[in-house]
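This briefing is intended for a reader who is meeting the structure for the first time. Please consult the sequence and the 3D view while reading the points below.

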Amino acid sequence: MTVKQGQVWKDSSRKCFMVLDTYKDDDGHEWVHYRSDDKNDVTEYSCWVESFLARFKPYVNYKNY
């Protein structure tokens, strides 16, 4: 599965997160930078794509997806 900028994903508690960016570092690791989709929560996160895919599922019926 491919993680792309602008996609919305949800965790097991159905909290939504927006993908801000994906990139590869100098060591070849692919990273995803994301934030909560809650407008009152401006916290941003990043992790390896493999970890992201293990934790989140795409939200295919999201209003902006």
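The points that follow treat the sheet, the core, the aromatic rings, the charged side chains and the cysteines in turn. The model is a predicted one. Its five strands form an open, antiparallel sheet, and its largest nonpolar core holds ten residues. The structure also has nine aromatic pairs, one salt bridge and zero disulfides.

**The sheet**

- The strands of the open sheet follow the order β4-β3-β2-β1-β5, and their pairing is antiparallel.
- Strands β4 and β5 (57-58) form the edges, each of them pairing on one side only.
- Strands β1 and β2 run antiparallel and are joined by three bridges. Tryptophan 9 faces phenylalanine 17 of β2 across this pairing.
- Seven bridges connect β2 with β3, again in the antiparallel sense. Lysine 24 has glutamate 30, in β3, as its bridge partner.
- The hairpin made by β2 and β3 leaves five residues between the two strands. Glycine 28, in the turn, has a positive phi of about 90°.
- Five bridges hold the antiparallel pairing of β3 and β4. Here tyrosine 34 stands opposite tyrosine 45, a residue of β4.

**The nonpolar core**

- The ten residues of the largest nonpolar core are Val3, Trp9, Phe17, Val19, Val32, Tyr34, Cys47, Val49, Phe52 and Phe56.
- Strands β2 and β3 and helix α1 each contribute at least two residues to this core.

**The helix**

- Helix α1 spans residues 49-55 and includes glutamate 50.
- Glutamate 50 is exposed, because its relative accessibility is 54% and the cut-off for this class is over 50%.
- The C-alpha atom of glutamate 50 is 8.1 Å from that of glutamate 30, although 20 residues separate the two along the chain.

**Aromatic rings**

- Among the nine aromatic pairs is that of tryptophan 31 and tryptophan 48, which is edge-to-face because the ring centres are 6.2 Å apart and the planes meet at 85°. This pair links distant parts of the chain, with tryptophan 31 in strand β3 and tryptophan 48 in strand β4, 17 residues apart.
- Tryptophan 31 is partly exposed at 22% relative accessibility, and tryptophan 48 is partly exposed at 36%.
- The rings of tyrosine 34 and phenylalanine 56 have centres 5.4 Å apart and planes at 70°, so this pair is edge-to-face. The two residues are 22 apart in the chain, tyrosine 34 lying in strand β3 and phenylalanine 56 in the loop between α1 and β5.
- Both tyrosine 34 and phenylalanine 56 are buried.
- One aromatic cluster is formed by Trp9, Phe17, Tyr34, Tyr45, Phe52 and Phe56.

**Charged side chains and an unusual backbone angle**

- Side chains of opposite charge can pair when their charged atoms come close.
- The one salt bridge in the count joins aspartate 41 to lysine 15, with the closest N and O atoms 3.6 Å apart.
- Aspartate 41 is in the loop between β3 (30-36) and β4 (44-48), and lysine 15 is in the loop between β1 (8-10) and β2 (16-24), so the salt bridge ties together parts that lie 26 residues apart in sequence.
- Lysine 15 has a relative accessible area of 34% and is partly exposed.
- Lysine 10 places its charged end over the ring of tyrosine 59, 4.7 Å from the ring centre.
- Most residues other than glycine have a negative phi. Arginine 14, however, has a positive phi near 70°.
- Arginine 14 lies in the loop between β1 and β2 and is exposed, at 65% relative accessibility.

**Cysteines**

- A search of the whole structure finds zero disulfides.
- The cysteine sulfur closest to that of cysteine 16 belongs to cysteine 47 and is 16 Å away, so the two are too far apart for a bond. A disulfide would require the sulfur atoms to be within 2.5 Å.
- Cysteine 16 is buried, with 14% relative accessibility.
- Cysteine 47 is likewise buried, with a relative accessible area of 15%, and is a member of the largest nonpolar core.

Terms used
Residues are numbered from 1 along each chain as its sequence is written. This is a predicted model: local features need pLDDT of at least 70, side-chain atom pairs count only at pLDDT 80 or more; totals for chains, interfaces and linings use all residues. Side-chain values use heavy atoms; hydrogens and water are left out. A salt bridge is a side-chain nitrogen of Lys or Arg within 4 Å of a carboxyl oxygen of Asp or Glu. Helices (H or I, at least four residues) and strands (E, at least two) are DSSP runs, numbered from the N terminus. Buried means under 20% relative accessible area, exposed over 50%, partly exposed in between (1.4 Å probe, protein chains only). A nonpolar core is a set of buried Ala, Val, Leu, Ile, Met, Phe, Trp, Tyr and Cys residues joined through side-chain atoms within 4.5 Å. Two strands pair if DSSP finds at least two bridges between them. Rings of Phe, Tyr and Trp (its six-membered ring) pair if their centres lie within 6.5 Å; planes under 30 degrees apart count as stacked, over 60 as edge-to-face and the rest as tilted. A charge sits over a ring if NZ of Lys or CZ of Arg is within 6 Å of the ring centre and within 35 degrees of the ring normal.
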